[in-house]
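User: Please take a close look at the metal site and the parts of the fold around it. Keep it connected and brisk.

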Amino acid sequence: MNRIGIGYDIHRLVAGRKLIIGGVLIPHEKGFEAHSDGDVLCHALCDALLGAAGLPNIGVLFPDSDPKYKDADSMELLRTVVARVAEKGYRPLQVDSNLVAQRPKLQPFVAEMIRALAAATGLEEEKISIKPRTNEYMGAEGREEGISAQVVVVLQRIKEDKG
Ligand code: MG
């Protein structure tokens, strides 16, 4: 049986930090204020995968109180999450996502993000969708206070759940 998961994340934009989304370094005057690299797309995808597999969420698995995860590479966290999901007997079948940013324009980076997420999840590139959009100048994303991501995943059963 297939299972569905939903994930959401938002991080504040601040000066003096790198902007990394979907594993891709994006040239911008601000980056994410976060304990890890703050990759919202990666974090939302992790939570969607964990939710679908019935595992604890990313904040429980990788607590930001743990110095081990300071400036953590979120793609590394994603690979760990995919491995945990596989231990539970599931593999990703499909990913769809929204990426909400007033600025910078993210569409030029989508192909590279998809390649990075495909490599980390073992999915074929055409099974991953990333849809950047603005927030029409409204709300936190519209005022460029932050960037958010929403992700839905479908998991496929690969073996019996060992509980
Ligand atoms: Mg996060």
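Analyst: What follows starts at the metal and works outward.

This is a predicted model, in which local features need pLDDT of at least 70 and side-chain atom pairs count only at pLDDT 80 or more, while totals for chains, interfaces and linings use all residues. Residues are numbered from 1 along each chain as its sequence is written, and side-chain values use heavy atoms, with hydrogens and water left out.

The magnesium ion is coordinated at 2.2 Å by Asp9 (OD), His11 (NE2) and His43 (ND1). Donors here are N, O and S atoms within 2.8 Å of the metal (3.2 Å for Na, K and Ca); water is not among the atoms, so the site may look incomplete. Along the sequence the donor residues follow the spacing D-x1-H-x31-H. His11 belongs to strand β1 (residues 3-15) and His43 to helix α1, so the two tie together parts that are 32 residues apart in sequence. Helices (H or I, at least four residues) and strands (E, at least two) are DSSP runs, numbered from the N terminus.

Both histidines are out of the way of solvent by the cut-off used: buried means under 20% relative accessible area, exposed over 50%, and partly exposed in between (1.4 Å probe, protein chains only). His11 has 17% and is buried. His43 is buried at 8%.

His43 also has a polar partner. Its side chain and that of Ser74 make a polar contact of 2.8 Å. Such a contact is a pair of N or O atoms within 3.5 Å; within protein, one must be able to donate a hydrogen and the other to accept it, and residues adjacent in sequence count only if both atoms are side-chain atoms. Ser74 sits in helix α3. Its relative accessibility is 0%, so Ser74 is buried. Beyond its neighbours within four places in sequence, Ser74 is in contact (heavy atoms within 4.5 Å) with Ser36, Asp37, Gly38, Asp39, Cys42 and His43.

Now the helix that carries His43. α1 has 14 residues and spans 20 Å from first C-alpha to last, close to the 20 Å expected at 1.5 Å a residue. That expected span is 1.5 Å times one less than the number of residues. Of the 14 residues of α1, 13 are buried, so the rest of the structure largely encloses this helix. Gly54 follows α1 with a positive phi, near 75 degrees.

The largest nonpolar core has 49 residues, and Ile21, Leu78 and Leu99 touch the most other members. A nonpolar core is a set of buried Ala, Val, Leu, Ile, Met, Phe, Trp, Tyr and Cys residues joined through side-chain atoms within 4.5 Å. Elements giving two or more residues to this core include α1 (40-53), α3 (74-87), β5 (90-100) and β7 (146-157). α1 gives the most, with 11 residues. Ile21, leaving aside neighbours within four places in sequence, is in contact with Leu41, Leu99 and Ile147, among others.

Last, the strand that carries His11. β1 runs antiparallel to β7, joined by 10 bridges. Strands pair if DSSP finds at least two bridges between them. Ile4 has Val154 in β7 as its bridge partner. β7 also pairs with β5, antiparallel, over 10 bridges. There Asp96 stands opposite Val152. Val152 is partly exposed, at 39% relative accessibility. Leaving aside neighbours within four places in sequence, Val152 is in contact with Ile4, Gly5, Gln94, Val95 and Asp96.
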